[in-house]
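Here are some comments on the model you sent, set out as numbered points. Please read them with the coordinates open.

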Amino acid sequence: RISASAPDVHFNYFGQSIDGQMDLNDDGLVDITVGALGGAALFWSRDIAQVRITRLKFQPNKINMQNKNCVIDEKPTVCITAELCFNVSLKSGKQPSQPI
């Protein structure tokens, strides 16, 4: 699949050659060039985020489905409190540009 930002050019034998050894836009990720008869297309890689859960805590520790401990939309139900902590790192090694 090629995104809508690709040029509106018809290449014959698209994919005849593929190369990915250089970071052409200096974002820390290898970019891909795909060759064809009559031209080539350059695809910039997107960064990949790795998310690691560092803490996961539930309260209560055990859930009794018979013990309806809260009401949501006027309906008795079981509620829990969850605490989740995680770290995010980008494959390029750069810091995210916005808080996550």
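1. Does Cys70 count as buried or exposed, and what is its relative accessibility? In this predicted model, Cys70 comes out at 17% relative accessibility and therefore counts as buried, since the cut-off for that class is under 20% relative accessible area.

2. Cys79 is the residue to which Cys70 is joined by a disulfide, with an S to S distance of 1.6 Å, and the structure holds one disulfide. Cys79 has a relative accessibility of 25%, so this cysteine counts as partly exposed, whereas Cys70, its partner in the disulfide, is buried.

3. On the handedness of this bridge, the torsion about the S-S bond of Cys70 and Cys79 is about 65°, and the disulfide is therefore right-handed.

4. A further cysteine to look at is Cys85, for which the relative accessible area is 31%, so that Cys85 is classed as partly exposed.

5. Turning to another part of the chain, Gly15 belongs to strand E1, which covers residues 12–22. The relative accessibility of Gly15 is 33%, and Gly15 therefore counts as partly exposed.

6. Which residues does Gly15 touch, once those up to four places away in sequence are not counted? The contacts of Gly15 on that basis are with Val34 and Gly35. As for Leu37, this residue is 22 residues from Gly15 in sequence, while the C-alpha to C-alpha distance between Gly15 and Leu37 is 9.2 Å.

How values were computed. Residues are numbered from 1 along each chain as its sequence is written. This is a predicted model: local features need pLDDT of at least 70, side-chain atom pairs count only at pLDDT 80 or more; totals for chains, interfaces and linings use all residues. Side-chain values use heavy atoms; hydrogens and water are left out. A disulfide is a pair of cysteine sulfur atoms within 2.5 Å. Buried means under 20% relative accessible area, exposed over 50%, partly exposed in between (1.4 Å probe, protein chains only). Helices (H or I, at least four residues) and strands (E, at least two) are DSSP runs, numbered from the N terminus. Contact means heavy atoms within 4.5 Å.
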